[in-house]
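Me: Please show me how to read the features of this model, one at a time.

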Amino acid sequence: MVRAMPLLSEAFFARDALIVARELIGAELVRDEVVVRITEVEAYRHPSDSASHCRMGRTARNAPMWGPPGRAYVYLCYGVHSMLNLVTGSEGEGAAVLVRSVEAVRGIPTIERRRGRRIGARDLAGPGKVAQALGLGTAWSHHPVIEAGGLECRAGERVERLLVGPRVGIDYATPRDRRAPYRFADPASTSVTERSTLRLERGRAS
DNA sequence: TCTACGATCTTT
DNA sequence: AAGATCGTAGAT
């Protein structure tokens, strides 16, 4: 048995969504026997971000995003898929990071049996697959991933250089926000969506 | 109340 | 290229 990596702290999440997003690449999500490694994320930065669920202020749905950092925000998309976000910044800010893709580290076959769905692949590219692999629904909103038990977010191997590009599926946002390079991915992973719109970032890591 | 529409995925 | 499928938000 390998010793578990340390939990990420509330202080880790209590920073700008762009910083947290970059540093979440390579981190692990753990739910019981299931362990996945984060390979792609998007930052939803602030109420002034016209792509964010917080763009129209506080509502029942986006309440978790306004809460303390290090909590989950899970919402239902297209009436079909659950999306996992991790709340960032300070309480009352309204920012989060969407986990778009992961790689299975272990435990996925068990989930496959339990859910009666086909998730055998090691690559889980796309936010709907992430929540499905971890068995998460909207009831997981507000769950602290900085504490042991349930869904946990743990440190992983640090990825120095990243793929960077625009976010996906936000055509309703302003042109500026549509173009904003708020999506980050691990260049070494094949579990990444819309890869052609990402470019390898030069220079220093965050 | 009513209506429109998604931070998607799969199949055609 | 389109259907599935339903909760939310904004309008009425």
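Reply: Let's begin with naming: helices (H or I, at least four residues) and strands (E, at least two) are DSSP runs, numbered from the N terminus. This is a predicted model, in which local features need pLDDT of at least 70 and side-chain atom pairs count only at pLDDT 80 or more, while totals for chains, interfaces and linings use all residues. Residues are numbered from 1 along each chain as its sequence is written, chains are lettered from A and ligands numbered from 1 in the order in which they are written, and side-chain values use heavy atoms, leaving out hydrogens and water.

Me: Which elements each supply at least two residues of the lining of the largest pocket?

Reply: A pocket is an open set of points on a 1 Å grid over the protein atoms alone, where a 1.4 Å probe fits, with protein on both sides within 12 Å along at least five of seven lines; lining residues have an atom within 4 Å of a point. Here E2, E3 (72-77), E4 (81-88) and E5 each do so, with E3 giving the largest share, four residues.

Me: What volume does the largest pocket have?

Reply: About 380 Å³, where volume is the space filled by probe spheres set on the points, joined across faces, edges and corners. Of its 20 lining residues, His53, Tyr75, Cys77, Gly169 and Tyr172 are the closest to the centre.

Me: Which strands pair with E2 in the antiparallel sense?

Reply: Two strands pair if DSSP finds at least two bridges between them. E1 (residues 28-31) pairs with E2 over four bridges, and E5 (residues 95-106) does so over nine. Glutamate 28 stands opposite arginine 37, while tyrosine 44 has alanine 96 of E5 as its bridge partner. E9 (residues 183-185) also runs antiparallel to E2, joined by three bridges, with phenylalanine 184 as the partner of valine 41.

Me: Why is E2 largely enclosed by the rest of the structure?

Reply: Buried means under 20% relative accessible area (1.4 Å probe, protein chains only). Eleven of the eleven residues of E2 are buried, so the strand is largely enclosed.

Me: Where is serine 52 found?

Reply: Look in the loop between E2 (34-44) and H3 (63-66). Serine 52 is buried, with a relative accessible area of 0%. Its side chain reaches the backbone nitrogen of cysteine 54 at 3.0 Å. Counting contact as heavy atoms within 4.5 Å, serine 52 touches Tyr44, His46, Met65 and Gly94, leaving aside residues up to four places away in sequence.

Notes:
Buried < 20%, exposed > 50% of the residue type's maximum accessible area, 1.4 Å probe, protein only. Polar contact = N/O pair within 3.5 Å; in protein donor to acceptor, adjacent residues only side chain to side chain.
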